[in-house]
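Here's a quick briefing to read with the model open beside you. It goes through salt bridges, the core, the pockets and a few single residues.

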Amino acid sequence: MDRAEALRLLQNSRNKIDEMDEEIINLIAKRTSLARDILDAKIVLGMEIEDKKREAYIHKKIKEIARKKNIDEVSLTRIMKILTDINKKEQEKMLRREKNG
């Protein structure tokens, strides 16, 4: 590979990553939008916002996926913790709004 090919490869790869980043952000937005449905169901079921059993299931599932995909387990678990925290915060925000009218 010469310098010009390396530069093209670098730029093409970066462009693909930029597109994937946008897709990831769109998926996070979709995931977060489900917070309303989850909160409504939890209220009817008398559940707390924090669901340790569900979180344990998610972490177990993520570790299995990480192993299969050869992705660092610790890093992927951190990412999923951030995503679950985003959803919990969104649910808490919605609940506060309902209580405050």
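A salt bridge here is a side-chain nitrogen of Lys or Arg within 4 Å of a carboxyl oxygen of Asp or Glu. Arg67 and Glu73 make one of these, with their closest N and O atoms 3.0 Å apart. Keep in mind that this is a predicted model. By the same rule, the count comes to nine salt bridges.

**Salt bridges**

- In the Arg67–Glu73 pair, Arg67 is exposed, with a relative accessible area of 53%, while Glu73 is partly exposed at 26%.
- Arg36 pairs up with Asp40, and the closest N and O atoms sit 2.9 Å apart.
- Both Arg36 and Asp40 belong to helix H2, four residues apart, or about one turn of the helix.
- Neither end of that pair counts as buried: Arg36 is partly exposed at 27% relative accessibility, and Asp40 is partly exposed at 35%.
- Lys88 bridges to Asp85, this time with 3.7 Å between the closest N and O atoms.
- Lys88 and Asp85 are three residues apart in helix H4, so about one helical turn separates them.
- Lys88 is buried, with a relative accessible area of 13%, because buried means under 20%; Asp85, at 23%, is partly exposed.
- Lys88 and Asp85 also belong to a network of salt bridges that links them with Glu50, Lys52, Glu55 and Lys81.

**The nonpolar core**

- Six residues make up the largest nonpolar core: Ile58, Ile62, Ala66, Leu76, Met80 and Leu83.
- Helices H3 and H4 each supply at least two residues of this core.
- Ile58 is found in helix H3 and counts as buried, at 6% relative accessibility.
- Leaving aside neighbours within four places in sequence, Ile58 is in contact with Met80 and Thr84.
- Met80, not counting residues up to four places away in sequence, touches Arg31, Ile58 and Ile62.
- For a sense of distance, the C-alpha atoms of Ile58 and Asp2 are separated by 45 Å, with their positions 56 residues apart along the chain.

**The largest pocket**

- About 310 Å³ of space lies in the largest pocket.
- Its lining has 16 residues, and the ones nearest the centre are Arg31, Ile38, Arg54, Ile58 and Thr84.
- Helices H2 (35-45), H3 (52-69) and H4 (73-100) are the elements that give two or more residues to this lining.
- What is the lining made of, by residue class? It divides into six nonpolar, three polar and seven charged residues.
- Ile58 turns up here as one of the residues nearest the pocket centre and is also part of the largest nonpolar core.

**The second largest pocket**

- The second largest pocket holds about 190 Å³ of space.
- Its lining residues are Ile24, Leu27, Ile28, Arg31, Leu76, Ile79, Met80 and Leu83.
- Helix H1 (3-33) and helix H4 each supply at least two of these residues.
- By class, the lining divides into seven nonpolar, no polar and one charged.
- Arg31 lines this pocket and is also among the residues nearest the centre of the largest pocket.
- Leu76, Met80 and Leu83 line the second largest pocket and belong to the largest nonpolar core.

**Two more residues in H3**

- His59 is found in helix H3. Is His59 buried or exposed? It is buried, with a relative accessible area of 19%, because the cut-off for buried is under 20%.
- Setting aside its neighbours within four places in sequence, His59 is in contact with Thr77 and Lys81.
- Lys81, one of those contacts, is also part of the salt-bridge network with Glu50, Lys52, Glu55, Asp85 and Lys88.
- Tyr57 is in helix H3 too, but it counts as partly exposed, at 45% relative accessibility.
- The C-alpha atoms of Tyr57 and Thr84 are separated by 12 Å, and the two residues are 27 apart along the chain.
- Thr84 itself is in contact with Ile58 and is among the residues nearest the centre of the largest pocket.

Methods. Residues are numbered from 1 along each chain as its sequence is written. This is a predicted model: local features need pLDDT of at least 70, side-chain atom pairs count only at pLDDT 80 or more; totals for chains, interfaces and linings use all residues. Side-chain values use heavy atoms; hydrogens and water are left out. On a 1 Å grid over the protein atoms alone, a cavity is a set of points where a 1.4 Å probe fits but cannot get out, and a pocket is an open set with protein on both sides within 12 Å along at least five of seven lines; lining residues have an atom within 4 Å of a point. Grid points are joined across faces, edges and corners, and a volume is the space filled by probe spheres set on the points. Ala, Val, Leu, Ile, Met, Phe, Trp, Tyr, Cys and Pro count as nonpolar, Asp, Glu, Lys and Arg as charged, and the others, Gly among them, as polar. A nonpolar core is a set of buried Ala, Val, Leu, Ile, Met, Phe, Trp, Tyr and Cys residues joined through side-chain atoms within 4.5 Å. Buried means under 20% relative accessible area, exposed over 50%, partly exposed in between (1.4 Å probe, protein chains only). Contact means heavy atoms within 4.5 Å.
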